Structures are given as structure tokens and as C-alpha cells.
Amino acid sequence: MPKVLVFGTGSLGTCYAWALSKAVGQDNVTAICRSNYEAASRNGFTVHSTLWGDNLTFQPRIARSVAEAVRQLSLDTQQFFDFVVVAAKAVPTDPSIAEIIGPAIVKGKTAIVLLQNGIGIEDEYARLYPESPLLSTVAYFPATQVSPGVVHHKEVELLHVGTYPADAPQAHKNIAREFVELLGKGGATAKLHDDIQRKRWAKLLVNSSWNPICALTRLRDREFIEVSLDLGLGAGNDKWGDGARFIKDVMMEIASVAQAYGYSDVNEETVDFQIGRAVVRDLPGVQPSMLGDAFEKRSMEVDAIVGNVVRLARKKGVNVPMLRTIYLLANGLSESFSRKKLQG
Ligand SMILES: NC(=O)c1ccc[n+]([C@@H]2O[C@H](COP(=O)([O-])OP(=O)(O)OC[C@H]3O[C@@H](n4cnc5c(N)ncnc54)[C@H](OP(=O)(O)O)[C@@H]3O)[C@@H](O)[C@H]2O)c1
């Protein structure tokens with residue numbers, strides 16, 4: 001049976017650890033835990049899902065560090081992980097997550113799976129582990145860890161999977177297929193793509209706009225639309241109002257970067273579709289993850305989700321003045337949280 005290491009067993013990581021445990025057996029899954037280590041060691045994990053079922057409990061192996069996980073494995077006959085699934089938030093750390101997982105990567109044998117949001121997040125892994133199959137994914141999976149080791153999930157569960165880069169060797173493509181099949185066996189829905197970056201860009205339309213704007217304003221998406229319906233900025237008589245018009249302008253900047261990278265189907269039509277979804281939501285609307293992080297004064301995934309879009313735009317000479325402004329402000333906000341922590 002394949003051996004799986006899940007690095008970062010929080011909201012999303014716990015749910016996919018559950019599906020993978022069903023597929024390969026919980027003894028073949030090791031969960032790296034930090035703040036939920038004690039609870040997970042004592043009680044295992046519990047997932048309450050409106051789609052998968054209520055009160056799903058499981059007890060994989062638990063480790064505090066990658067080195068400990070590798071030590072536990074060395075007692076087994078198979079001494080390497082087939083998959084290392086990275087489900088920690090994509091925030092800059094020193095050492096980086098790509099470096100931290102190093103002891104678990106056996107050259108040419110261990111595949112790395114990135115469950116994180118954002119764009120351009122694969123580069124460091126590809127540079128550090130050029131022989132390893134690298135799978136990039138896009139999750140549509142609203143999950144929240146409500147107490148240590150206990151996760152609530154609702155509404156939708158879909159993981160898009162593809163290799164990084166898109167033109168990876170056939171052997172790596174086969175491993176991407178194997179991973180999708182494993183998830184299917186575990187009861188999760190996963191789809192294989194030739195070019196996963198198209199899915200990343202499509203999700204960024206929503207993530208790079210709503211996430212930082214909601215975090216900066218402390219408002220949920222529908223609340224933001226509501227409070228800025230008619231501010232005298234010229235869109236008050238539009239069907240959507242000034243706030244939604246602003247969101248549309250920001251999304252159009254993101255779409256123009258996606259198009260510069262060849263993804264022409266990320267366009268005004270997809271932008272209008274995404275705005276339309278928020279406009280018809282009941283108040284107060286959705287709380288994006290960065291808003292949750294801002295409330296808790298935690299570092300936000302600003303670089304992976306916003307900054308990298310601005311940097312990719314710069315490389316192609318695409319002008320993104322609104323997104324650049326949002327990035328600088330959201331980055332400042334996120335930094336203020338870490339500085340306050342350092343100052344105690
Ligand atoms: N949750 C969702 O609904 C959802 C949906 C789609 C995509 N995503 C993406 O999935 C990724 C994970 O998000 P999430 O919501 O699952 O985050 P999360 O609930 O904060 O879980 C991340 C987990 O990683 C752990 N972690 C981080 N750094 C670690 C380290 N150095 N050593 C050990 N453990 C570490 C955290 O431990 P601590 O508790 O100690 O910090 C936490 O348990 C993000 O990129 C997010 O954008 C999330």
C-alpha cells in the first residue's frame with residue numbers, strides 16, 4: 001500500500017487525510033501536527049461533513065516533525081513515503097515548507113502534492129526536488145477546524161489535480177492519475193487535468209480579489225457589496241453598484257494577467273459569473289479565509305494569492321494598479337500581525 005505523509009493537518013489536510021486513510025488504511029498515513037498534536041494523538045481526528053457523513057473518526061500515525069515521521073517509517077518494511085501532501089497554509093517561513101519536508105523526500109520515489117491556494121507556489125519545490133513528481137491541486141472544499149482535530153465541511157468537495165509543470169514526464173502524469181484514483185477510492189471527488197494552472201487562474205479571480213478586500217475591510221463579500229452600493233462613484237445605477245463594480249475591475253486585472261499567460265478563457269464572462277454569485281448571496285455572505293486570519297491576527301497567504309499575481313503581471317508588462325495597491329495594503333496588514341507577535 002502507498003505510504004502518505006500529510007504535512008499540516010488542519011482544516012483541509014484533515015479531510016484529505018481521512019479520504020486517503022480510507023484508500024490506503026490509516027496505518028499508512030502519517031499526519032504532521034503542531035497545535036493539534038495533543039488532541040490528535042489522544043483522540044484522532046473527527047470530520048463532520050454534510051457530503052461525506054457525520055462523525056467520521058480516524059486515527060492515522062501522528063508525528064510532530066518530518067524527522068519523527070521518517071523515524072517511525074524506518075521501523076516498517078517500506079522505508080519511504082510515496083506521497084507527501086502539503087496542506088499547511090502557503091505563508092513564507094524560515095526554513096520554508098519546501099525545505100522542511102526535505103527529510104521525507106526520497107529522490108525519484110516520493111511524489112509531492114500541493115493542496116494550497118495561490119499561483120507560482122510550485123517553483124521552490126520543483127527547484128529543490130527536480131526528480132520528484134510534483135502534483136499541483138485546486139480545492140473547492142469549504143472546511144474549518146472548529147476545535148483541535150475536529151473539522152466541519154459543507155456544500156462542495158472537488159479537487160482538481162495535475163502535474164507541475166503541465167508537460168511533466170509521462171511517469172509523473174501516471175502518478176497524478178494514481179493519486180486521483182486513490183482519492184476516488186477514499187470517497188473523494190478528484191479530477192485530473194493536463195494543465196492545472198488554468199484551474200488555478202480561474203480560482204484566483206475570486207481568491208486574489210475577495211480575500212484581501214474582505215480582510216482589509218473586515219467585511220464578508222455580500223456585506224462589502226451592500227455597504228458600497230452607491231457611493232457616488234458612477235456605478236450606483238448599475239445593477240451591481242459601486243463596490244461590485246470595483247471588484248469587477250480588480251477581477252478584470254487578474255483576468256488580464258491570466259490571459260497574458262495563455263488562459264484566454266479567464267475573461268469578462270467568467271468575471272461576471274463570479275460577481276453574480278456574490279451579489280445573489282444572502283447577507284452577510286461568505287467569509288474568505290484571509291478575513292478569518294485577519295480576525296485572528298494570523299499571517300495571511302497574501303504573497304501566494306495576491307503578490308505572485310502582481311509579480312507575474314510585471315514579468316509580462318501587464319498593468320495591475322488596483323491589485324498592486326491591494327497587495328501592498330494586505331501585505332502590510334499581514335506583516336503587522338507578525339510584528340505585533342514579535343513585540344509580544
Ligand atoms: N480550509 C478551506 O476551506 C480551504 C479550501 C480550499 C483551499 N484551502 C487552502 O488549503 C491550504 C490549507 O488551508 P487550511 O484552511 O487547511 O489551513 P489551516 O486550517 O490553518 O491548516 C493548516 C495546518 O498546517 C499546520 N502547519 C502549518 N505550518 C506547520 C509546520 N511548520 N509544522 C507543522 N504543522 C504546520 C497548522 O498548524 P497550526 O494549527 O499549529 O498552525 C494547521 O494545522 C491553504 O493554502 C488554503 O488556502 C483551504
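At 49% relative accessibility, Asn55 counts as partly exposed, and its backbone makes a good starting point for a walk through this predicted model. Asn55 sits in strand β4, which covers residues 53–58. Its phi is near 60 degrees, a positive value in a residue other than glycine. Most residues other than glycine have a negative phi, and most peptide bonds are trans. Glu155 likewise has a positive phi, of about 75 degrees, although it is not a glycine. This residue belongs to the loop between β10 (150–153) and β11. With a relative accessible area of 59%, Glu155 is exposed, because the cut-off for that class is over 50%.

Two peptide bonds also deserve a look. Tyr164 and Pro165 are joined by a cis peptide bond with omega about -5 degrees, and Pro165 lies in the loop between β11 (158–163) and α6 (170–185). A cis peptide bond also joins Leu283 and Pro284, where omega is about 5 degrees. Pro284 is placed in the loop between α10 and α11 (289–295).

Turning to the overall layout, the protein chain is divided into domain 1, residues 4–195, and domain 2, residues 198–342. The centres of the two domains, taken over C-alpha atoms, are separated by 27 Å. Where they meet, 20 residues of domain 1 are in contact with 19 residues of domain 2. The two domains bury about 1600 Å² between them, and 53% of this lies on carbon and sulfur atoms. Across the interface there are 14 residue pairs in polar contact, with both residues at pLDDT 80 or more. On the side of domain 1 that touches domain 2, strand β8 (residues 134–140) gives the most, with five residues. By class, that side of domain 1 has nine nonpolar, eight polar and three charged residues.

Charged pairs cross this interface too. Two salt bridges are found between domain 1 and domain 2. Glu122 forms a salt bridge with Arg200, and the closest N and O atoms of the pair are 3.2 Å apart.

Ala304 gives a view of the contacts around a single small side chain. Ala304 is found in helix α12, residues 302–315. Its relative accessibility is 4%, so Ala304 counts as buried. Neighbours within four places in sequence aside, Ala304 is in contact with Ala90, Asn117, Gly118, Ile119 and Ile121. By contrast with these contacts, Arg61 is 30 Å from Ala304, C-alpha to C-alpha, and 243 residues away in sequence.

Salt bridges in the model come to a count of twelve. Side chains of opposite charge can pair when their charged atoms come close. Arg64 and Glu38 meet in one such bridge, at 3.1 Å from N to O. This pair links distant parts of the chain, 26 residues apart, with Arg64 in the loop between β5 (61–63) and α3 (66–73) and Glu38 in helix α2 (residues 37–43). Arg64 is partly exposed, with a relative accessible area of 46%, and Glu38 is partly exposed with a relative accessible area of 46%.

A bridge within one helix is formed by Arg222 and Glu226, whose closest N and O atoms are 2.9 Å apart. Because Arg222 and Glu226 are four residues apart in helix α8 (residues 221–227), about one helical turn separates them. Arg222 counts as buried at 15% relative accessibility, whereas Glu226, at 36%, counts as partly exposed.

Two helices are joined by the side chains of Asp272 and Lys248, which meet in a salt bridge of 2.9 Å, N to O. Asp272 lies in helix α10 (residues 268–279) and Lys248 in helix α9 (residues 242–260), so the pair ties together parts that are 24 residues apart in sequence. Asp272 is partly exposed at 27% relative accessibility, while Lys248 is buried, with a relative accessible area of 8%. Elsewhere, Lys89, Asp293 and Arg298 are linked in a network of salt bridges.

A polar contact completes the picture. Ser96 lies in the loop between β6 (83–86) and α4 (97–100). At 11% relative accessibility, Ser96 counts as buried, and a polar contact of 2.7 Å joins its side chain to that of Glu124.

Key. Residues are numbered from 1 along each chain as its sequence is written. This is a predicted model: local features need pLDDT of at least 70, side-chain atom pairs count only at pLDDT 80 or more; totals for chains, interfaces and linings use all residues. Side-chain values use heavy atoms; hydrogens and water are left out. Domain bounds come from an automatic or database domain assignment. Contact means heavy atoms within 4.5 Å. Buried area is the accessible area (1.4 Å probe) that two parts lose on being put together, summed over both. A salt bridge is a side-chain nitrogen of Lys or Arg within 4 Å of a carboxyl oxygen of Asp or Glu. A polar contact is a pair of N or O atoms within 3.5 Å; within protein, one must be able to donate a hydrogen and the other to accept it, and residues adjacent in sequence count only if both atoms are side-chain atoms. Helices (H or I, at least four residues) and strands (E, at least two) are DSSP runs, numbered from the N terminus. Ala, Val, Leu, Ile, Met, Phe, Trp, Tyr, Cys and Pro count as nonpolar, Asp, Glu, Lys and Arg as charged, and the others, Gly among them, as polar. Buried means under 20% relative accessible area, exposed over 50%, partly exposed in between (1.4 Å probe, protein chains only).
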